[in-house]
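Hello,

Here is the structure for you to look over. My notes on it follow below.

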Amino acid sequence: MLLKEVCVLDIASCGRDAGILEAVRLMRQQHTGDLLVVDDPHGDRVPVGLVTDRDIVVEVLANEL
């Protein structure tokens, strides 16, 4: 089986300046546990990173931020 047979092409993304609450709301709306972080979120969407629900739990909630 090839990756193209199981991958999702319409992925949830946000800009690197998005806040945590905005990211969490987007994850909930899109029913996903991760967001692609991009430069130019309304244009070419150049990938610069990935944030996961685990990242938020470990780095934000666990630190009571």
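Among the elements of the chain, the highest mean pLDDT, 96, belongs to H1 and the lowest, 94, to strand S1 (residues 13–15). For the chain as a whole the mean is 92, and 100% of the residues reach 70 or more. This is a predicted model, and where pLDDT is low, predicted coordinates should not be read in detail.

Overall layout: the chain contains 2 helices and 3 strands, which run β-α-β-β-α from the N terminus on. Its C-alpha trace spans about 40 × 30 × 20 Å along the principal axes. Of its 65 residues, 22% count as buried. Among the contacts with a separation of 6 or more, 26% come from residues 24 or more positions apart.

Next, the helix pair. Helix H1 covers residues 20–30 and helix H2 residues 53–61; they pack at an angle of about 145°, and their axes lie 11 Å apart. The crossing of H1 and H2 is left-handed. On the H1 side the contact involves Ile20, Val24 and Met27, and on the H2 side Asp53, Ile56 and Val60. By type, the residues of this contact divide into 5 nonpolar, no polar and 1 charged.

Then the core. In soluble globular proteins, nonpolar side chains tend to be buried together. The largest nonpolar core here has 10 residues in all: Ala12, Cys14, Ala23, Leu26, Met27, Leu35, Val37, Val51, Ile56 and Val60. At least two residues of this core come from each of H1, strand S2 (34–39) and H2. H1 gives the largest share, 3 residues. Met27, Ile56 and Val60 belong to this core and also take part in the contact of H1 with H2.

One position I looked at separately is glycine 49, in strand S3 (residues 46–52). Is this glycine buried, partly exposed or exposed? Glycine 49 has a relative accessible area of 28%, so it counts as partly exposed: the value is not under 20%, as buried would require, and not over 50%, as exposed would. Apart from its neighbours within four places in sequence, glycine 49 is in contact with Leu35, Leu36 and Val37. Of these contact partners, Leu35 and Val37 are among the residues of the largest nonpolar core. The C-alpha atoms of glycine 49 and serine 13 are separated by 10.0 Å, with the two residues 36 apart along the chain.

Regards

Notes: Residues numbered from 1 in each chain as written. Predicted model: local features only at pLDDT ≥ 70, side-chain atom pairs only at ≥ 80, totals over all residues. Heavy atoms only, no water. Axes fitted to C-alpha atoms, helices over the stretch in contact; angles between N-to-C directions. Helix = DSSP H or I, 4+ residues; strand = E, 2+ residues; numbered from the N terminus. Left-handed = near helix turned anticlockwise from the far one by under 90°. Contact = heavy atoms within 4.5 Å. Nonpolar A, V, L, I, M, F, W, Y, C, P; charged D, E, K, R; others polar. pLDDT = per-residue confidence, 0-100. Core = buried A, V, L, I, M, F, W, Y, C linked by side-chain atoms within 4.5 Å. Buried < 20%, exposed > 50% of the residue type's maximum accessible area, 1.4 Å probe, protein only.
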